[in-house]
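Subject: Handing over the two-chain model

Hi there,

Here is the structure I promised to pass on to you. Please open it next to this message, and then read on for what came out of it.

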Amino acid sequence: MTHPHAPAGQDADTTGRPAAPGDGTTPAVTPPADLRRHLAARLDGAARAWLDQALDEATAHPGTHGPISVWELRLAEAGRRCGPDHADAARVLILHTAHADAEALTRVYHQGTADERRAVLHALPHLVPGPEALPLVEDALRTNDTRLVAAALGPYGARHLDAHAWRHAVLKCLFTGVALDLVADLDRRARGDAELARMLADYAAERTAAGRTVPEDLHRVLALTGSAPTQGDGPDAPHGKES
Amino acid sequence: MRIFDPHIHMTSRTTDDYEAMYAAGVRAVVEPSFWLGQPRTSPASFFDYFDSLLGWEPFRAAQYGIAHHCTLALNPKEAGDPRCTPVLDALPRYLVKDNVVAVGEIGYDSMTPAEDTALAAQLQMAADHGLPALVHTPHRDKLAGLRRTLDVVRESALPVERVLIDHLNETTVKEAKDSGAWLGFSVYPDTKMDEERMVAILRAYGPEQVLVNSAADWGRSDPLKTRKVADLMLAEGFTEDDVDRVLWRNPVAFYGLSGRLSLDVTATEATHEGNSILRGQPRDEPAPDTADATGA
């Protein structure tokens, strides 16, 4: 069974990239104070000093100022300063410390690299109480970058996506190999969803008709909807290794 | 054999090319921003292109075990189009990004005053951002173009040791080498350099600060030219160490001047069947081994 809010122990998704830094905490669900402690224990001296200074600057100069706010510069360079394993968490902390609102998050998302956009998506549940940042989630779901698709389906997407968009996002995960373990609140949103069950069953039928295996995750989420299992051939090889 | 192609326009290439490049030993590429064959008419077209070089293209490359970085600039061919010059104002925002390892391609196309302005402004931006610069030499009137390029570089705030002069050939290599710049050679099926001439230049001038690239793009070009040069070097008596120096260590050293080169590729291994780049290609083989690329 999936525990989307407590993914400890699941330290890698199907992208082969850690879904979260180190021990499986994810920047979208871990409280910022815990993220900071987590990073402080893992960053080397230079990276930790850089992050401390970046957060001090964001504390002193939050919000939007000048042609480009200093925390936006730090957001851009966090990857090379903290390393790829810790960049997401460092960027979420910078956004949180700068009190980036929906408008600022929208700006840095659209001006950001794929890595920065992913960090913005992770930061949404910490910073935006209402649905006003939903267009960013929808933008990420239109991409074919699986790391963005996975980040779009964090707690913020789970809270605000309407049923139709959420169902299509789940189906896209199955198509593109995003592990459904990464989908926040999967159990609650899938439960009793007869339309999702129909879409999943149709997809399984299409796969079977083509002589292809059905992703194991499909059976799992179909069970969550409360519908009967499809007539599939059971768990298959890791997604995409079929032939 | 590990190969770093320091100049290739992967946006114009297919996933078949990525597969063939990986099989040939390519583990890292740098994609300079350039023109697309079709002139652009607004800065927004450049911004979408830059975003692609910072997002989608590294994602594609990673799925084939290849590290992808980029260089960003307003290119010489479009620097003279007033519809495009506002790109210069927005470049600083892009030059701070993690995957940007140089300003480029800049340089001359027709050697106009507008090109002078763009070249000088972007050399200054490279100096301001701690980045080296990839400077293209013109196809027409090449030696005069090289001399004028070197003059502008010497007048700029960017030390010539942080400049890679590209598309060199027999007529321009000596003056470029004497300047202290890094030396780039593009090996093409018909134009620019070919493998035999490249090996002759390496024999005459040595492998120091020499980078060999395929410059493959949407025109007639070959993304495996780097490997073909390496094979001919070995056949002609160069050592494995010489090959590694020219095809790997030199580009790592040059782009490493940025402090932003990260050669650890995490193959994303994401599988796609209906709507992404793997498009239902059954793949039995494990994700590419990236060990070669992580050692340097």
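Below are the notes, taken chain by chain. Please keep in mind that this is a predicted model.

**Chain A**

Let me start with the overall make-up of this chain. Chain A has 13 helices and zero strands, so written along the sequence its pattern is simply α-α-α-α-α-α-α-α-α-α-α-α-α. It has 243 residues, and 49% of them count as buried. If you take the contacts in chain A with a separation of 6 or more, 64% of them come from residues 24 or more positions apart.

One helix pair is worth a look on your screen. Helix 2 of chain A covers residues 45-60 and helix 3 of chain A covers residues 70-82; the two pack at an angle of about 165 degrees, and their axes are 10 Å apart. Because of that angle, helix 2 of chain A is roughly antiparallel to helix 3 of chain A, the cut-off being over 145 degrees. The crossing of helix 2 of chain A with helix 3 of chain A is left-handed.

Which residues meet there? On the side of helix 2 of chain A they are A:A47, A:W50, A:L51, A:A54, A:E57 and A:A58, and on the side of helix 3 of chain A they are A:V70, A:W71, A:R74, A:R81 and A:C82. By class, the residues of this contact divide into eight nonpolar, no polar and three charged.

**Chain B: the sheet**

Chain B has 12 helices and eight strands. Of its 296 residues, 50% are buried. Among the contacts in chain B between residues at least 6 apart in sequence, 73% join residues at least 24 apart.

How are the strands arranged? The eight strands of chain B form an open sheet in the order 1-2-3-4-5-6-7-8, with parallel pairing. Strand 1 (3-5) and strand 8 (210-213) of chain B are at the edges; each has a single partner strand, so one side of each is left without a neighbour in the sheet. From one strand to the next, the twist averages 25 degrees.

At the strand 1 edge, strand 1 of chain B runs parallel to strand 2 (residues 26-32) of chain B, and three bridges join them. Two bridge partners can be picked out in strand 2 of chain B: B:A28 for B:F4, and B:V29 for B:D5. Strand 2 of chain B is mostly covered, with seven of its seven residues buried.

B:A28, which sits in strand 2 of chain B, makes a handy landmark. B:A28 counts as buried because 26 other C-beta atoms lie within 10 Å, where 20 or more are needed. B:T71 is 43 residues away from B:A28 along the chain, and their C-alpha atoms are separated by 14 Å.

There is also a helix to place against these strands. Helix 10 (residues 225-235) of chain B lies across strand 1, strand 2 and strand 8 of chain B, and runs at about 135 degrees to strand 1 of chain B.

**Chain B: backbone details to check**

Most residues other than glycine have a negative phi, and most peptide bonds are trans. Here are three places to look at with that in mind.

- The peptide bond from B:G104 to B:E105 is cis, with omega near -10 degrees. B:E105 belongs to strand 4 (residues 100-107) of chain B.
- B:H167 is not a glycine, yet its phi is positive at about 60 degrees. You will find B:H167 in the loop between strand 6 (163-166) and helix 8 (173-179) of chain B. Is B:H167 buried or exposed? B:H167 is buried, because 25 other C-beta atoms lie within 10 Å.
- B:A215 is not a glycine either, and has a positive phi of about 45 degrees. B:A215 lies in the loop between strand 8 and helix 10 of chain B. B:A215 is buried too, with 28 other C-beta atoms within 10 Å.

That last loop leads back to the sheet: strand 8 of chain B is one of the edge strands, and helix 10 of chain B lies across strand 8 as well as strand 1 and strand 2.

Happy to go through any of this with you once you have had a look.

Best wishes

Key
Residues are numbered from 1 along each chain as its sequence is written. Chains are lettered from A and ligands numbered from 1 in the order in which they are written. This is a predicted model: local features need pLDDT of at least 70, side-chain atom pairs count only at pLDDT 80 or more; totals for chains, interfaces and linings use all residues. Axes are lines fitted to C-alpha atoms, for helices over the stretch in contact, and angles run from 0 to 180 degrees between N-to-C directions. Helices (H or I, at least four residues) and strands (E, at least two) are DSSP runs, numbered from the N terminus. Angles under 35 degrees count as roughly parallel, over 145 as roughly antiparallel, 65 to 115 as roughly perpendicular and the rest as oblique. A crossing is left-handed if the near helix is turned anticlockwise from the far one by less than a right angle, and right-handed if clockwise. Two residues are in contact if their C-beta atoms, placed from the backbone, lie within 7 Å. Ala, Val, Leu, Ile, Met, Phe, Trp, Tyr, Cys and Pro count as nonpolar, Asp, Glu, Lys and Arg as charged, and the others, Gly among them, as polar. Two strands pair if DSSP finds at least two bridges between them. A residue is buried if 20 or more other C-beta atoms lie within 10 Å of its own, exposed if 12 or fewer, and partly exposed in between; C-beta atoms are placed from the backbone.
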